[in-house]
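Student: I would like a close look at a single part of this model, with the cut-offs spelled out.
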Amino acid sequence: MSANGDGALLEVRDLAKWFPIRKGFLVERTVDHVKAVDGVSFSIAEGTTLGLVGESGSGKSTTGYSVLQLLKPTSGSVRFMGKELTELSRSDLREMRREMQIVFQDPYSSLNPRMTVGNIVAEPLVVHSIGTRRDREAKVRDLLETVGFNPDFTNRYPHEFSGGQRQRIGIARALALNPRLIVCDEPVSALDVSIQAQILNLLKDLQRDLGLSYLFVAHDLAVVRTMSDHIAVMNQGKLVETGPAAEVYDHPREDYTKALLAAVPVPDPRRMRDRKRERRKLGHAIAEGF
Amino acid sequence: MALLDVEDLRTYFGTRRGDVHAVDGVSFSVEKGRTLGIVGESGCGKSVTALSIMGLLPMPPARRVSGTIRFDGRELSTLSERELEDVRGRQIAMIFQDPMTSLNPTLTIGTQLTETMLRHLDVSKDAARKRAAELLEEVHIPNARQRLDDYPHRYSGGMRQRVMIAIALSCNPRLLIADEPTTALDVTVQAGILDLLDELREQHDMAMIIITHDMGVVAEAADDIAVMYAGQIVEQAPAEELFYRPEHPYTEALLGALPQLEGENVREGRLTAIPGRPPDLVDPPEACRFAPRCPYAGLGDYCTVEPPELRELRPGHWARTAHPVSERDEAIVETAR
């Protein structure tokens, strides 16, 4: 993430997504807005990961969706591969979608239960009319192999697989169009630790082998640290702090970031005692929304 | 004598495919004033263990196959439902994972707080209400007296969990079982709840069992830790022993699989993932349940043929494995790599 965003794959400036609050019977009028995302700017360089962290309701997922134009931003600019996404026509945007994909949080609800694994992974290819049927079958096998999923299971259905295996299917689908950017929206938060490690390693390997860029959205600060080159901390729709990962984690400047980091329990009882003291000093600055 | 002594607990669930061996031979004890952390991944049997102690499982499909549960010298597993009701809430209280669904949305916080006291203690309604306000203060809810008349939807997730804790403490129980008490909460709120539990355990002189999937949470909250895998305790030790000198290959792998918050080169490194996944508990492996995923279980090893016993490797440090870290010879370690 260069300071001025030069040569960045993705550059987001003053992004805002407000949801109207409507009141009234028959004649509705907008009385106020929920400012889910409010003036967010960042950029992502080719082949790197920006980790977007924050607590529930901070606007981190909404930011991810707005970048992909899955939600239409209220204002602001999203430049991706040199094109302004907010101004693209529907058909141009559709073309651009080949280059930017998403992996969802819940591998149980993000795969159509009535489609076979093979059809789920092939769907992006079908939608974009790529290849013949046979080409697509070969491509699907390739993709499944890439993500460590047995390609002989293409005729099975998602419910036959565990959460980790389903997340592999979701990743294969995201890779189908050879995208350059993948928004990972809490990709491992529904998974157990041992399975989570498998998926995080897979995402790391894919990035190295395919030169992917990630916008990695998650609430788990340790997970985000192992994945990210740069970090953006969000709170109540705004960016609180951004910077290189090591910098933000080891020398946080903002009180919110400090409190957030201090609250994370670490798997080390002695270190935990020190951290508890640090935490008390910070006085749960932000804990509880009393 | 320990406050709670659980011996060879086995709880199975009948299904069309056969019995699910959810808890399969679990033994542990909790001393007065101490916190035991039970940690493990989903489906390892940690919650079923807690619910079995409380007698809260619907039977059928659940079935207690064996086990004794001695609480303060009294056997709980043979009590009638009526007798058990006198223990639950009074002597042993429990809080659950989801504070959003554990409160009744149609009753005020005050009603729900006094309910347990009126059931168990010989108090008047007024006295119970007064005590309820004190309890809300104790769990740090501001304007406690006014907030008694609010309904749960007026409370945030963290505050609801505080209310649940207040209800649990209302009859001064001697043991509090907290099942994933912070899993549904944001990390800053979690920190507040864990601090609160710690503080109250001391004030009320309670023992506590905290059940979680989060190694960080047990590192913070527990004096002793039991690691569960596939229905069994695979390792048990005082917290520092467990974290600094883990013996079981599963515990070792689990610690290696955790992303690190602090330290160098976390971005470049890979996590040590555990291959495969836990066994099907309808038909668990007859030998060591971790053997199919264990890097040290070799061909012809006894642990792939018969189940290893839970052994005390150091005072207070138990592990159920043929290949504890301290007994591994170099040759095995090399082949495993």
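Student: Into which domains is chain B divided, and which residues does each domain span?

Tutor: This is a predicted model, in which local features need pLDDT of at least 70 and side-chain atom pairs count only at pLDDT 80 or more, while totals for chains, interfaces and linings use all residues. Residues are numbered from 1 along each chain as its sequence is written, and chains are lettered from A, with ligands numbered from 1, in the order in which they are written.

Chain B has domain 1 at 4–229 and domain 2 at 245–336; such bounds come from an automatic or database domain assignment. Taken over C-alpha atoms, the centres of domain 1 and domain 2 of chain B are 30 Å apart. Their contact involves 12 residues from domain 1 of chain B and 12 residues from domain 2 of chain B, where two residues are in contact if their C-beta atoms, placed from the backbone, lie within 7 Å.

On the domain 1 side of this contact in chain B, the elements giving two or more residues are β2 (18–30) and β9 (224–229) of chain B. Helices (H or I, at least four residues) and strands (E, at least two) are DSSP runs, numbered from the N terminus. β2(B) provides the largest share of that side, five residues. By class, the domain 1 side that touches domain 2 in chain B holds five nonpolar, four polar and three charged residues. Here Ala, Val, Leu, Ile, Met, Phe, Trp, Tyr, Cys and Pro count as nonpolar, Asp, Glu, Lys and Arg as charged, and the others, Gly among them, as polar.
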